[in-house]
Amino acid sequence: MTLPTEPYSFKLLTACFCGGADNQSAPAEMRVPSIRGQVRAWHRELSGAEAVNRIWGSTAGEAGASRVALVWDASVPPRQAQPKPHILPHKNQGPRPALSAGQSFTLTLQRLVGCSTDDWRAAQDAIKLWLLIGCLGLRANRAAGSVWPLDPSQEDRKWVPQTPEQLGKMLRSLGFRWPVQLVGAPIGTKPEELRRLASDTVKGHSDLFGEIKPRTPSPTKFKVIELAGQPRLLVTARPPVNLAAARTALSGPNKAGQFRWQPL
């Protein structure tokens, strides 16, 4: 029996600090478990934990096998970034192994036995949401490891948005309800400069940007995207975080708040 599959090609727009336990010296690597974790996290925002555990499997509670699988195309080994990029670009600190920006990959979603039509569609929506909103690896909330989908070759299967209006419509059609805005940095600003803007947040606003000690993930998330071939910086946050407050906190020179933010 041939199991149905759906390929998703994407590229890295910024350096990706991903890998195993030794991520400070070992070469960076693209790992399916890391991608799976990101997809699950964004799927929870669409459907809740129960649906995610049913579709992607769970070892907790009523354990169950996954109804879909992710298959990685390892025919082309990923390229390491040289020189090593800084994990804190606004400070030029923390050079670490990373996958270089600009390279493309293909991830295939496979439908397993027992996966209903609705669950199959929901799994595809989750991958699309991750590609449009999510990142991968360390500093994923600060636009490192920004992934962006590549349109399928078939004209009738193209879905990747090219304008802010198309992106907003696509996110709403997927059921994503967080507020989303684009930072109005000058057109032509390079992806790594956009990552620097995203990385340069401020202390004392743990409710907006998280905290190192105690470790608190940032509820405000930045990502470099690409619309009509132009890199743009996207910002989103789970309600009740106010993106207007985030922009005000970043209003100093050389920070993302110095620019107008455009709601989608």
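**Exercise 1. Determine how strand 2 and strand 5 pair, and place both strands in their sheet.**

Step 1. Strand 2 (residues 68-72) pairs with strand 5 in the antiparallel sense over 5 bridges, where two strands pair if DSSP finds at least two bridges between them, and where helices (H or I, at least four residues) and strands (E, at least two) are DSSP runs numbered from the N terminus. The model is predicted, so that local features need pLDDT of at least 70 and side-chain atom pairs count only at pLDDT 80 or more, whereas totals for chains, interfaces and linings use all residues. Residues are numbered from 1 along each chain as its sequence is written, and side-chain values use heavy atoms, with hydrogens and water left out.

Step 2. The register of this pair can be read from valine 68, which stands opposite arginine 111 in strand 5.

Step 3. Strand 5 (residues 104-111) also pairs with strand 1 (residues 5-12), again in the antiparallel sense, over 7 bridges, and here tyrosine 8 stands opposite leucine 107.

Step 4. The sheet is open, has 4 strands in the order 2-5-1-6 and shows antiparallel pairing. Strand 2 and strand 6 (147-150) have a single partner strand each, so one side of each is left without a neighbour in the sheet. From one strand to the next the twist averages 35°, with axes taken as lines fitted to C-alpha atoms, for helices over the stretch in contact, and angles running from 0 to 180 degrees between N-to-C directions.

Step 5. Helix 1 packs on this sheet, touching strand 2 and strand 5, and its direction makes about 135° with that of strand 2; contact means heavy atoms within 4.5 Å.

**Exercise 2. Describe the sheet with the strand order 8-9-7-10 and the helices that lie across its strands.**

Step 1. This is an open sheet of 4 strands with antiparallel pairing, and its edge strands, strand 8 (220-227) and strand 10 (261-263), each pair on one side only. Ignoring direction, neighbouring strands are turned by 35° against each other on average.

Step 2. Strand 8 and strand 9 (residues 230-237) run antiparallel and are joined by 8 bridges, with leucine 227 opposite glutamine 230 in strand 9.

Step 3. Helix 3 (residues 117-133) lies across strand 7 (180-183), strand 8 and strand 9, and runs at about 90° to strand 8. Helix 5 (residues 191-199) lies across strand 8 and strand 9, and runs at about 25° to strand 9.

**Exercise 3. Work out how helix 1 and helix 2 are each oriented against helix 3.**

Step 1. The axes of helix 1 (residues 32-47) and helix 3 come within 8 Å and cross at roughly 105°. Helix 1 is therefore roughly perpendicular to helix 3, on a scale where angles under 35 degrees count as roughly parallel, over 145 as roughly antiparallel, 65 to 115 as roughly perpendicular and the rest as oblique.

Step 2. On the helix 1 side the contact includes Ile35, Val39 and Trp42, and on the helix 3 side it includes Ala126, Leu129 and Trp130. By class this contact has 11 nonpolar, 2 polar and 1 charged residues, where Ala, Val, Leu, Ile, Met, Phe, Trp, Tyr, Cys and Pro count as nonpolar, Asp, Glu, Lys and Arg as charged, and the others, Gly among them, as polar.

Step 3. Helix 2 (residues 49-56) packs against helix 3 at an angle of about 105°, with the axes 10 Å apart, and the two helices are therefore roughly perpendicular to each other.

Step 4. Arg54, Ile55 and Trp56 in helix 2 meet Asp119, Ala122 and Ala123 in helix 3, a contact that divides into 4 nonpolar, no polar and 2 charged residues.

**Exercise 4. Locate the cis peptide bonds that precede proline 83 and proline 214, and the positive phi of asparagine 92.**

Step 1. Glutamine 82 and proline 83 are joined by a cis peptide bond with omega of about -5°, and proline 83 is in the loop between strand 2 and strand 3 (86-88).

Step 2. From lysine 213 to proline 214 the peptide bond is also cis, with omega near -10°, and proline 214 lies in the loop between helix 6 (206-209) and strand 8.

Step 3. Asparagine 92, although not a glycine, has a positive phi of about 55°, and its place is in the loop between strand 3 and strand 4 (93-95).
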